[in-house]
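Got the viewer open? Let's take a walk through the enclosed spaces inside this protein.

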Amino acid sequence: MPGKPRLLDRMREAIRARHYSLRTEEAYVAWARRYILFHGKRHPAEMGEPEINAFLSHLAVRQGVSASTQNQALASLLFLYRHVLEIDFPTLDGVVRARRSTHIPVVMTRAETRAVLARMSGPPKLVATILYGSGLRLLEALRLRVKDVEFGLNQIVVRDPKGRRDRTVPLPVVVRTVMPSWLARVKRIHARDLSEGFGGVFLPDALARKYPGADRTWAWQWLFPAERRSRDPRTQVERRHHLHETIVQRAVRQAVRDAGVKRPVSCHTFRHSFATHLLAEGYDIRTIQELLGHRSVRTTMIYTHVLQRGAHAVRSPADALLRRDGGGPGVLRQLDEPTRLLAAPSENVETVEEDGGFLDGDDLGS
């Protein structure tokens, strides 16, 4: 008679039964393992709120992790106790909960966005253009299927995103023009896989059993397939997965360096820029909330800083000194030299020569 599954294996089964993503499974299991090792390999059933508090305090004080990382660790431990060990805390008042800080997101100007995209090429460039043009998260873009691009309605359908609420976003015209040639390339890859005995892709929620053969159809193929086939970490089936996110992330980092942008720009910055630029053009906050897939409008309100046109729309008193009708010629002469120094040319990406055709068929490869 087989023995009882190990605790972490039971945790994996509980996570998969609730259709959590593979990334969530890996993160939760890793935090549970660190929690057990931190307490000298004691069984979690023998521990409770004091031990959880000690572990979370260690993460914050000794390890210096961020509030979001600490909250992720807490979420994984609560899942372990509630859904695996079936031990629910009568009260969570004693559990340390980190409070997230509110930061203004990094946003690129339109010139910076154009400069970064102009220095990218191939599939990463197309992905980055969709991130900016449709406001998608990186994994939302990489997990798109061929059927999710609806040319007739001029939209992209984002399925099973963060929060598990499907939504539609606009299909940028610049992407629409190059998509036929890109899809032709993807179709050649799919045809080659089929001829070699492969061609199947991962389908969520047991759809492969409900619709046999659907995983090999053209509509279900990844919009951005990986260069090579690999084995599924759960089923060990060899098939072609979507493009790995690190490929796009490395391409964006290099393009940012080449464009001379000094701020910490990442793939997610394109999404921030999408929302901020729409607000600047006068679109209402509720529309942007729906496009971004935020559950609460309070999350979207972080982008309203763009409407302030600076720090709380306050005009600096130093500017009044430079007004001829206020300070007089004497003040202007005194400030003349510092003004020239402040106005000296700088390495600003706004001065980068704009490239009108930043996305064309040649950039995507043959």
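Which elements each supply at least two residues of the lining of the second largest cavity? Select helix H8 and strand S4 (225–231): those are the two to highlight. Keep in mind as you click around that this is a predicted model.

Stay at this stop and show side chains for the full lining: Pro123, Trp182, Arg185, Ile189, Phe224, Pro225, Glu227 and Leu243. H8 gives the most here, with 3 residues. Colour the lining by residue class and you get 6 nonpolar, no polar and 2 charged. The space they enclose has a volume of about 50 Å³.

Now move on to the largest cavity, which holds about 90 Å³ of space. Two elements give two or more residues to its lining, namely helix H8 (173–195) and strand S5 (238–242). H8 again has the largest share, with 4 residues.

For the next selection, pick these:

- Val186, Ile189, His190 and Asp193, among the lining residues
- Gly199, Gly200 and Val201, also part of the lining
- Gln221, Trp222 and Pro225, further lining residues
- Arg240 and His241, which line the cavity too

Recolour by class and this lining divides into 5 nonpolar, 5 polar and 2 charged.

Before you leave, put Ile189 and Pro225 on screen: both line the largest cavity, and both also line the second largest. How many cavities of 30 Å³ or more are there in the count? The count comes to 2, so you can close the tour here.

Terms used: Residues are numbered from 1 along each chain as its sequence is written. This is a predicted model: local features need pLDDT of at least 70, side-chain atom pairs count only at pLDDT 80 or more; totals for chains, interfaces and linings use all residues. Side-chain values use heavy atoms; hydrogens and water are left out. On a 1 Å grid over the protein atoms alone, a cavity is a set of points where a 1.4 Å probe fits but cannot get out, and a pocket is an open set with protein on both sides within 12 Å along at least five of seven lines; lining residues have an atom within 4 Å of a point. Grid points are joined across faces, edges and corners, and a volume is the space filled by probe spheres set on the points. Ala, Val, Leu, Ile, Met, Phe, Trp, Tyr, Cys and Pro count as nonpolar, Asp, Glu, Lys and Arg as charged, and the others, Gly among them, as polar.
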